[in-house]
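Work through the exercises below with the model at hand. Each task is followed by a stepwise solution.

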Amino acid sequence: MIETLKQPVLSTDHICMYFGGLHAVEDVSLNIQKGDIYGIIGPNGAGKTTLFNACTGFNVPTKGKVFLCGEDITNLKPEQIAKKGMARTFQNIKLFKYMSVLDNIKIGFHLNLKSNLVDTVLHTKQFKADETYAIEKGREILDLVGLSKYTDTKAGNLPYGVQRKVEIARALAINPKILLLDEPAAGMNPNETQELSVYILKINSLGYTVGVIEHDMKFVMNTCNRIIVLNFGQQICEGTPHVIKTNQNVREAYFGKGIVAGGAINVAAEN
Amino acid sequence: MKKLSMLLIVLLVFSMALFANGNKEEEAAKAEGFKGIIKIGVLGPLTGTNAEYGVGFKIGTQMAADRINAAGGANGYKLVLIPKDSKGDPKESSDLTRQFCDDSDIMAIIGDFTSGCCMANAPIVDDAKIVQLSPTASNPKYAGMSDYCFSIMGRQDGEAPFFAKYIISKYMGLKKIAMIYINSDWGVSAAENFRTAARDAGVEIVAEVNYVQDEKDFSSLITKLKAADPEALIIMDQGAVAQVINQVRAMGWDIPLTTLGPGTSEQLIGLTGANSEGLILSTPFFFDPQVPELMDWKNEFNEKAKFNPTVHPACAFDCVYLISEAIKSCGDDVTREGIRENLARNQYTGITGPIKFNAEGDITRAYLICQVENGQYVVKKGFDYSAE
Amino acid sequence: MEYFLNQLINGLCQGAIYALMAIGYSVVVGVVGMVTFTHGEVMIMGAFASYYVFQYCGTNLILGFIVAFLASWVMGIFVYKVCYERFFNSPRHISLLCTIGFSMLVKNLAQIFFGPNQIPMLNIVDIKFFHIGAMQISSLQIMIIALVVGLALALNYVFYHTKFGVMLRSVSQDKTAAYMVGINVKRIAMLGNCVGCGLGGIAGLLICIYYQVVQATMGGALGMKAFSASVLGGLTDVRFSALGGLCIGIVENLGITVTSASYRDVFAFGFLILVLVFKPTGFVKKRGTKV
Amino acid sequence: MNMLADTKKRAEMVFDKHKVLISLLLLAFLVLLPLISNKSYVMGVMCRILMYATLAGALNIINGYSGQTCLGVAGFFCFGAYTEAILATKVGLNFWLCIPLAGVITALVGLLVAWPTLKMSGIYLAIVTLGFSEIARLLALNATPLTGGALGIKNIPVPEFFGIVIKNSRSYYYLFLVLAIVFIFVSNRVIKSKIGRAWMSIREDELASKSLGVNASVYKAFNFMYGAFWIGVVGCVYAPYVRFIDSTYFTLDEGWNILSMVILGGQGTFIGPVIGSIIVNFLTEVLRPIGQWRLVAFALLIIIMMWYRPQGLAGATDSKLAGNKMVKKLQDRGKKHD
């Protein structure tokens, strides 16, 4: 019991990601516990998204390992990792624009549907069960996250903020152990950001573990219960919002201290 | 679901368009003093790579029909030709053949150009019991496919042996030759028959290569043949002969060339210029400058077609006459079967020479030896092979 | 042995022509960023243009090449206007299908206006032969190889040592970025397309001189060879595409020497597919622009 | 504008109501057509329409639903037809057994072709399929002992159905009709299932569908096999219909022809290819007199279609197939909402 509590949902072990000479992620180790809302922050080019990609199998890390509930998923393909129970969203929304919101969710259920070609052609019990399951669960999720009024609208026609929420809802459909959000608040106005924060807290309260990349300090501080700060690929601090606020390195990373900032600019120039 | 009904409407329009037909020609013909009209379908590739021959068909047959009608028609009936473009595509050809078969006015079909098309049509004409008389199909398998299939080109297994026996071994007196042929139904059967005949005639084929339709680069093949160092090269094709000749010369290989297939085609000389000088070939028929009516025919054709005829339109010309003869001997009740019977029975001598069908519906022709001398085809009667 | 060397020379010559076609092709694909099926037709148009020039102004090779280049350049403009200009933001397959339609259009119009038959192109160059031992090479073959190498080098220079070349490469790598730094992307794309087509035209003329015949229906097969050659070269890399062309030519001819010419395209495409199986992006390390 | 949209919606609702009726009407019309006119020409054309409708439909499964670019349809067609011809003439296998066999073999070939290019961008698949199509034709032309080489295979035995010999084009009309209906029925069910959704999600956004656990490569491969299967089946029925096949039946032009049906008719819907087949074959008949210009007309039609309606006449308007216009429209809407 204690162990299961102790065991992190997602953990990376000294993970490195190099592109040629560029060290995008350098020796980062993080542990996301069950129930966390785990913030990953850092200035532009700090390697946040790269870290995500390394975790979700879109890039294979150069060194180090990734564990999902203690299971090594380092070299798996994205779809396999998704199957293991890790869902993600993208920095630039990747909805199926032309499909209705419900259909988007349905595709999210892909992994939970068991019917094969024969079932499909003959419309066996299995198939009918699957379809009904997909639709009902889909509506359920939409109700849960309060998007039911959009059920049959085309995803592409929705306002930006709502599209975000739909994308997250779709990620929930695969019933993930952990949900990784890549800059969900990007390009949102303050109100939308506010809504989003509430939305994420709600999802978390439903028992989902969430990892979120964000620039917006305010957003992160209000939403997350643990935070890791990256700078030029290296983790410079990890802890509760309070710890972060008071951490010297973080201040330097963001507001600059001569040398650090200068060095930073040089490095940036090189890459 | 709008789409479904859209589909329905399109279908209706479509079928209406298909069922609509009707004709006034009958009355017109009667007015001209004919007993009635007899329609003959003409199939040929009016477009596509073989367009030259298809157009030749169209004009050749029309010339024949005009002459016959001018002379009071076939047994009092006016012959009306219905030329259609099969593009040398078997599918297209089959559809058009079906169309002909449905039209009860059409009594016989002349065509198609390639053996492939003719063989694709064979089952259809067999069902419809209508004659398909091909001027040019020379695939030995073709005529046998149905009682209603005829060809007057003369079969490969007629011409190829003649070529091996008389031209290569007797006339040219060679023992080692190389062979390049097109990998098509025509070319393959030609090569096959040539091989057997050559074996009998004691001619050794030291090298043989083939290529597919639309081949353009023969250099590596020629190098291959050259390596075997034969005494002469025989080219079996209609379309690409000119290119082969040119490329043989372009590779600086001056070897005696002979060709089986194109006949006395003016286009060939045009395409090869000086390269084809001395080219030896066999032809079932030749526009002999000594024979005035042949020259008239040639000139008349040239006026209409704006290019000189090969043997093929001449054969097409004869086909129409064959049909009209068959109609004549049918007497008054002209039926498709009747035409078939009489066609098989009749004997007729056209501009391309005497024509008498064997049991299968093929004919065996006598061939001439021609050679290109300063840009002209000249008949060589080196010896009288017909005596043997 | 000499026999094989002779075959090798044939292959080399063939390959050189493919290489030239491929160069033009990869310029088009590289700069425009879309795959085309019209290249074959464009080449043949060039050949026809210079054929008529030879007819009326006597056989002047230099003039012929210039005319072929310009004619195909003009064709390039049409292709660009019809198949590319309005499709930069669309899914790739649309412009692809559009080029297929365009090539059908050109091919059939050509058959209507120039006739479906072969047209002779005799004695454009008077052929001499050079013998090295038992293997021989004709002046025509030498000319072709030399011309192709020259053009390849010239193009390489333009690409990597001139302002225009820099623009072309920038557009081919990232249209938005190029636009940001103030390059008139559409115009450069069109120019690049035209350059590629022009080179195609020269290739077309060379082919027709080599085969001594020009025919409206020749384009399709050649276009596909150009396509496969530049796919071998990673689609956008000029130098590797040339290499791809050479390889296909040699593989074809050596294949033919051991079997028969009926298998020509089997060797060409079989080789292509094999390479793709083992090196998914052709000879180059990584694909330049995403096509 | 709004009015118009409303009327359109209302019209569609009406049609939806009478959906069953309309389809029944259509079916009755098709079944009774031979009684209206059993001219073998009309029947021949109808056979061709139905056949190409199925072929185009199968191609549309690949190009339209999963957004892959397959240009080698003629090659699969060739494989199917030759499989039947060889099995029927050399082995003497029953036609009805040949159908599944031909389908499966073609499907396996499809897998073989698709596999190397699954990980690459679509264009590689395009060129590989194109090359495959030529290779298939040349193999048919050169593997003389098996395929009869250039002389082709003639006198392919005609199938029997409980004693009824399926010989004339009229009986083949019914055969093709049944085939087309079965194809549409089965494929419709597949598309409206998990599998179909996966295909479409790949078409719309491969990365996203991967992130949702859709195994893109496997589904693409399966999609390719599924399409190839049906193309093979059609080929299998086609062989005894023409009684004589050789390699000239399966040139690239044949491929372009089928492709143009899909493009004109519409991708990503079932009705699209059918309409495409009708239009193309209908024009083929009507425009015969103008000879070569007919193909010019087709080419122009394709270009115009790509310009103004990339998804085709009856294609899936709400899909990536519809090109950038749709995207723009959506973006504008999105902006308005912000």
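**Exercise 1.** In this predicted model, state how far apart the centres of domain 1 and domain 2 of chain B are, and describe the contact between the two domains.

Solution.
- Step 1. Take the centres over C-alpha atoms: domain 1 of chain B and domain 2 of chain B are separated by 30 Å.
- Step 2. Count the residues in contact: domain 1 of chain B gives 11 residues and domain 2 of chain B gives 14 residues.
- Step 3. Sort the domain 1 side by class: 8 residues are polar, 2 are nonpolar and 1 is charged.
- Step 4. Place the bounds: the assignment gives domain 1 of chain B as 28–154 + 294–356, and domain 2 of chain B as 156–283 + 367–387.

**Exercise 2.** Of the 4 pairs of chains that touch, find the pair with the most contacts, then describe the chain B side.

Solution.
- Step 1. Chains B and D have the most contacts.
- Step 2. Chain B supplies 39 residues to this contact, and chain D supplies 43 residues.
- Step 3. On the side of chain B, the elements with two or more residues are helix 1 (2–19), helix 4 (90–102), helix 5 (115–128) and helix 8 (185–201).
- Step 4. Helix 1 of chain B has the largest share, 13 residues.
- Step 5. By class, this side of chain B holds 19 nonpolar, 10 polar and 10 charged residues.

**Exercise 3.** How far is chain A from chain B, and from chain C?

Solution.
- Step 1. No contact joins chain A and chain B; the closest C-alpha atoms of these chains lie 19 Å apart.
- Step 2. Chain A and chain C do not touch either, with their nearest C-alpha atoms 13 Å apart.

Key. Residues are numbered from 1 along each chain as its sequence is written. Chains are lettered from A and ligands numbered from 1 in the order in which they are written. This is a predicted model: local features need pLDDT of at least 70, side-chain atom pairs count only at pLDDT 80 or more; totals for chains, interfaces and linings use all residues. Two residues are in contact if their C-beta atoms, placed from the backbone, lie within 7 Å. Helices (H or I, at least four residues) and strands (E, at least two) are DSSP runs, numbered from the N terminus. Ala, Val, Leu, Ile, Met, Phe, Trp, Tyr, Cys and Pro count as nonpolar, Asp, Glu, Lys and Arg as charged, and the others, Gly among them, as polar. Domain bounds come from an automatic or database domain assignment.
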